[in-house]
Amino acid sequence: MKNKLKTLPSTQMCGVDYAFKHIGGKYKARILWHLNSTKVLRYGELSRTLPDITTKMLTQTLRELEDDNLIIRKVYHEVPPRVEYSLSDTGKELIPFIKHLHNWGKKQLEKEQSENKYKGTIMSCGKTPARQSSALAVH
């Protein structure tokens, strides 16, 4: 018998699949949003900004964002060691889209609250940079 190699079918992916592969999940867009609001955050600051994330998940998510070139990790070789995270240019390109998601989510929360479907408090998700707020206003 001849030994036949199995060839894998080529993977097909649309833009939405690609985008959500890189920013999907519970924490990635939130990390990008907070980095945009503050420009630079250290690991401990990110951890306090996202109190519902575990240390393991924050570390894993930051590595994935760095591998996808969405954030920049800068290590300072000093004692005690210091690491800072900021958005890369590619990560900055995503902020207008995350802003749209933010506006949509806020609108839906307010709608559900007015219909008594949502009983919680609607909180702020961080500062909205002035340079983007007028261009992305939801009408």
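Okay, helices α1 and α2. In this predicted model, α1 covers residues 15-23 and α2 covers residues 28-38, and the two pack with their axes 8 Å apart at an angle of about 75 degrees. As a reminder, two packed helices are described by the angle between their axes and the distance between the axes. With the cut-off for roughly perpendicular running from 65 to 115 degrees, α1 and α2 are therefore roughly perpendicular to each other.

Who is actually touching whom there? On the α1 side we have K21, H22 and I23, and they meet K28, A29 and L32 of α2. By class, that contact holds three nonpolar residues, one polar and two charged.

Now stay with α2, since we come back to this helix a few times. Is α2 mostly covered or mostly open? Mostly covered: eight of its eleven residues are buried. If you want to click through them, they are K28, I31, L32, W33, H34, L35, N36 and S37. Keep K28 and L32 in mind, as both are on that buried list and both also sit in the contact with α1.

The other partner to look at is α4, residues 55-67. α2 and α4 pack with their axes 10 Å apart, again at about 75 degrees. That angle makes α2 roughly perpendicular to α4. Here K28, I31 and L32 of α2 meet L58, T61, L62, E64 and L65 of α4. Sorted by class, the α2 and α4 contact comes out as five nonpolar residues, one polar and two charged. So you'll notice K28 and L32 again: they meet α4, and they meet α1 as well.

Moving on to the sheet. Three strands make an open sheet, ordered β1-β3-β2, with antiparallel pairing. β1, at 40-42, and β2 are the edge strands, each pairing on one side only. On average, neighbouring strands in this sheet are turned by 30 degrees against each other, ignoring direction.

Let's zoom in on β2 and β3. β2 is residues 71-76, β3 is residues 82-87, and they pair in the antiparallel sense over six bridges. Two of the pairs worth pulling up: I72 has S86 as its bridge partner in β3, and V75 has V83. The two strands form a hairpin, with five residues between them.

That connecting loop has something for you to look at. P80 lies in the loop between β2 and β3, and the peptide bond going into it from V79 is cis, with omega near -5 degrees.

Back to S86 for a moment, in strand β3. Why do we call S86 buried? Because its relative accessible area is 18%, and the cut-off for buried is under 20%. Which residues does S86 contact, leaving aside neighbours within four places in sequence? L35, K39, V40, I71 and I72. L35 on that list is one of the buried residues of α2, and I72 is the bridge partner we just saw.

K39 is another one from that list, and it deserves its own look. K39 comes just after α2, in the loop between α2 and β1. Its phi is positive, about 75 degrees, although K39 is not a glycine. For context, most residues other than glycine have a negative phi, and most peptide bonds are trans. Is K39 buried or exposed? Neither, quite: K39 is partly exposed, with a relative accessible area of 44%.

There's a second residue like this. N69 is not a glycine either, and it has a positive phi of about 60 degrees. You'll find N69 in the loop between α4 and β2.

Last thing, confidence. The chain averages a pLDDT of 83, and 77% of the residues score at least 70. Where is confidence highest, and where is it lowest? Highest is helix α4, at a mean of 97, and lowest is helix α6, residues 130-133, at 35. Around there, residues 127-139 have a pLDDT below 50, and in the model that stretch makes 15 contacts beyond near neighbours in sequence.

Key:
Residues numbered from 1 in each chain as written. Predicted model: local features only at pLDDT ≥ 70, side-chain atom pairs only at ≥ 80, totals over all residues. Heavy atoms only, no water. Pairing = 2+ DSSP bridges. Helix = DSSP H or I, 4+ residues; strand = E, 2+ residues; numbered from the N terminus. Axes fitted to C-alpha atoms, helices over the stretch in contact; angles between N-to-C directions. Parallel < 35°, antiparallel > 145°, perpendicular 65-115°, else oblique. Contact = heavy atoms within 4.5 Å. Nonpolar A, V, L, I, M, F, W, Y, C, P; charged D, E, K, R; others polar. pLDDT = per-residue confidence, 0-100. Buried < 20%, exposed > 50% of the residue type's maximum accessible area, 1.4 Å probe, protein only.
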